[in-house]
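Please work through the exercises below with the sequence and the model side by side, taking each solution one step at a time.

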Amino acid sequence: MTTALISHEDCADHITPPGHPEQVARLDAVLGALEGFDLQRVKAPLAAEDDLLRVHPQAHIDAIRAAAPDAGWRSLDADTHMSVGTLKAAYRGAGGVVRAVDMVLGGEVRNAFVAMRPPGHHAERQTAMGFCFFGNVAIGAKHALDHHGLERVAIVDFDVHHGNGTQDLVEDDPRILFCSTHQSPLFPGTGAADEVGVGNVLNVPLPEGTGSQAFRDAITQIVLPRLDAFSPQLVIISAGFDAHMNDPLAGMRLTTEDFGWVTARLCDVADTHCEGKVVSSLEGGYDLAALGASAAAHVKVLEERGR
């Protein structure tokens with residue numbers, strides 16, 4: 001057993017306008033920080049249409065395709081832009097998570113980290129937003145349930161922004177437990193504690209300035225008991241690193257070590273309930289040095305558990 005690192009050079013062809021925080025250099029920072037790690041390196045495939053259709057209607061897929069420009073950029077909103085290479089990168093982001101699920105559930109690896117961009121957790125059923133086009137982790141969870149026959153998949157999102165898209169895509173499916181810690185108030189303005197889906201959504205909003213101890217208490221006292229009660233057969237992580245104290249887009253005060261700590265706690269849950277089966281997918285993180293260091297701390301734990 002080992003850990004898979006799934007990525008693809010097509011992500012470099014998703015080019016955002018100058019000064020945009022979700023930039024090509026983000027993935028360079030992550031992959032650079034993972035050089036020398038003992039990982040099984042895998043190219044992300046393009047997502048199959050059937051997998052996209054597990055969470056998005058055909059009209060959304062068609063609209064994203066139609067919006068793809070032949071040159072320059074096309075803006076879907078003030079934050080979300082498409083270049084010539086965006087469509088293929090977005091397909092590979094979703095396809096990378098599906099490939100990771102197949103590898104982990106097929107016993108090829110113990111766990112996997114999908115280092116891809118654009119991210120996915122803000123993409124709603126029929127709306128691209130927040131730098132995101134397709135709901136990558138939701139697609140992976142539905143694939144695990146529908147293709148592999150699982151009955152319970154947990155998604156844990158520790159990005160500083162609420163994963164409104166993931167929630168929108170899974171909140172009506174009791175086979176999926178969605179847990180999110182996030183700064184509130186903050187974009188996108190969702191993620192209140194009383195948003196519970198069909199009893200399968202756990203939102204833990206945290207105030208600006210939240211540091212290590214309060215974050216760890218929230219994970220230990222609120223998130224982990226809920227995960228244990230759910231007894232997942234697969235744990236999927238939306239791994240955003242923008243709750244780091246150096247991140248320019250938010251105001252939480254986590255350290256690099258906190259990301260290693262929370263990864264270890266989620267791996268403990270997976271060890272207890274599903275033989276360590278974990279799939280993690282990159283979401284946010286916009287200070288390049290903090291992003292690289294935090295991703296390395298995250299994957300170091302996955303690598304250690306994958307041995």
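**Exercise 1: the surroundings of one leucine**

Task: list the residues that Leu234 touches, leaving out residues up to four places away in sequence.

Solution: Leu234 touches Val101, Val104, Leu105, Ala144, Leu150, Arg152, Val153, Ala154, Cys274, Lys277, Val278 and Val279, where contact means heavy atoms within 4.5 Å. The model is predicted, so local features need pLDDT of at least 70 and side-chain atom pairs count only at pLDDT 80 or more, while totals for chains, interfaces and linings use all residues. Residues are numbered from 1 along each chain as its sequence is written, and side-chain values use heavy atoms, with hydrogens and water left out.

**Exercise 2: the sheet**

Task: state the strand order of the open sheet and find its edges.

Solution: First, the eight strands follow the order S2-S1-S5-S10-S9-S6-S7-S8 with parallel pairing; strands are DSSP E runs of at least two residues and helices H or I runs of at least four, numbered from the N terminus, and two strands pair if DSSP finds at least two bridges between them. Next, S2 (40-43) and S8 (201-206) each have a single partner strand, so one side of each lacks a neighbour in the sheet. Finally, S7 (residues 176-183) is joined to S8 by six bridges, and Cys179 has Leu202 as its bridge partner in S8.

**Exercise 3: a packed helix**

Task: identify the strands touched by helix H5 (residues 136-146).

Solution: Helix H5 packs on the sheet and touches S6 (153-157), S7, S9 (235-239) and S10 (278-282). The direction of H5 makes about 165° with that of S6, the angle running from 0 to 180 degrees between N-to-C directions of axes fitted to C-alpha atoms, for helices over the stretch in contact.
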